[in-house]
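Biologist: I would like a close look at one charged side chain and the part of the chain around it. Please begin with the side chain itself and then work outwards.

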Amino acid sequence: MSDAAKPDHPDTALVLEYEFDAPPAKVWRAVTIPALRERWLPDCDLAGAEPESSIAGEEVRYRLRDSEPPFRESHVIFRIEPNEDGGTRISIIQRVCDDRTKLPQPANSNCCLMRAAA
């Protein structure tokens, strides 16, 4: 058995769901206004302080970076919707970034494109 860390699969997600008594607009402010977000999601945990994407009032996406090597990155998505009781349901979805798409591919990788070129 090896002690080496196994790579995470990018299609695997951690999903957490919470219900709050607060209205959706208030929860939206808590996840998008930096001074409020900093209290529970500090900038030092983010790969960039600005959201990667946002649908106003519904969804915001940030990129996280581990503070220790190998400094893996992941996406965290906050989905906000009103619940039946007049409060808010928030889904927090975290997915590992696929670092393989950033790395240059070797010329001898035998991928379809390279085999077609031969």
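Biologist: What is the relative accessible area of Arg 65, and how is the residue classed on that basis?

Modeller: Arg 65 has a relative accessible area of 36%, so the residue is partly exposed. The class follows because buried means under 20% and exposed means over 50%. This is a predicted model, and the mean pLDDT of the chain is 81, with 73% of the residues at 70 or more.

The partner of Arg 65 is Glu 73: the two form a salt bridge whose closest N and O atoms are 2.6 Å apart. Glu 73 falls into another class, since its relative accessibility of 12% makes it buried. In general, side chains of opposite charge can pair when their charged atoms come close. The chain has ten salt bridges by the rule applied here.

Another of them joins Arg 63 to Glu 52, with 3.5 Å between the closest N and O atoms. Arg 63 belongs to strand S3, whereas Glu 52 is in the loop between H2 and S2, so this bridge ties together parts eleven residues apart in sequence. Glu 52 is partly exposed, at 38% relative accessibility. A further bridge pairs Arg 89 with Glu 81, where the closest N and O atoms are 3.6 Å apart. Of that pair, Arg 89 is buried at 18% relative accessible area, while Glu 81 is partly exposed at 38%. Shared partners join Glu 52, Arg 61, Arg 63, Arg 65 and Glu 73 into one network of salt bridges. Arg 65 is thus a member of a five-residue network that also holds Glu 52 and Glu 73.

Next comes the loop between S3 and S4. Pro 70 lies in this loop, and the peptide bond joining Pro 69 and Pro 70 is cis, with omega at about 10°. Phe 71 is found in the loop between S3 and S4 as well. Its phi is near 55°, a positive value in a residue other than glycine. The side of Phe 71 open to solvent can be put as a number: its relative accessible area is 43%, so Phe 71 is partly exposed.

The nonpolar side of the region comes next. The largest nonpolar core has 13 residues, and Val 31, Tyr 62, Phe 78 and Ile 90 have the most contacts inside it. Two or more residues of this core come from each of H1, strand S3 (59–65), strand S4 (73–82) and strand S5 (88–96). Phe 78 is buried, with a relative accessible area of 3%.

Three aromatic pairs are present in the structure. In one of them the ring centres of Trp 40 and Phe 78 are 5.4 Å apart and the planes stand at 85°, so the pair is edge-to-face. It links distant parts of the chain, as Trp 40 is in the loop between helix H2 (34–37) and strand S2 (53–55) and Phe 78 is in strand S4, 38 residues apart. Trp 40 is partly exposed at 40% relative accessibility. Ring pairs also bring in Tyr 62, giving a cluster of Trp 40, Tyr 62 and Phe 78.

On strand S5 sits Ile 93, which is buried at 6% relative accessibility. Beyond its neighbours within four places in sequence, Ile 93 contacts Ala 13, Leu 14, Val 15, His 75, Val 76, Ile 77 and Arg 79. Its C-alpha atom is 6.5 Å from that of Leu 16, although the two residues are 77 apart along the chain.

For the wider setting, the chain contains three helices and five strands, in the order β-α-α-β-β-β-β-α. Of its 118 residues, 23% count as buried. Among contacts with a separation of 6 or more, 43% are between residues 24 or more positions apart.

Confidence is not uniform. Helix H1 (residues 24–32) has the highest mean pLDDT among the elements, 95, and helix H3 (residues 112–117) the lowest, 52. Over residues 1–5 pLDDT stays under 50, and the model has zero contacts there beyond four places in sequence. Where pLDDT is low, the predicted coordinates should not be read in detail.

Terms used
Residues are numbered from 1 along each chain as its sequence is written. This is a predicted model: local features need pLDDT of at least 70, side-chain atom pairs count only at pLDDT 80 or more; totals for chains, interfaces and linings use all residues. Side-chain values use heavy atoms; hydrogens and water are left out. pLDDT is the predictor's confidence in each residue, from 0 to 100. Helices (H or I, at least four residues) and strands (E, at least two) are DSSP runs, numbered from the N terminus. Contact means heavy atoms within 4.5 Å. A nonpolar core is a set of buried Ala, Val, Leu, Ile, Met, Phe, Trp, Tyr and Cys residues joined through side-chain atoms within 4.5 Å. Buried means under 20% relative accessible area, exposed over 50%, partly exposed in between (1.4 Å probe, protein chains only). Rings of Phe, Tyr and Trp (its six-membered ring) pair if their centres lie within 6.5 Å; planes under 30 degrees apart count as stacked, over 60 as edge-to-face and the rest as tilted. A salt bridge is a side-chain nitrogen of Lys or Arg within 4 Å of a carboxyl oxygen of Asp or Glu.
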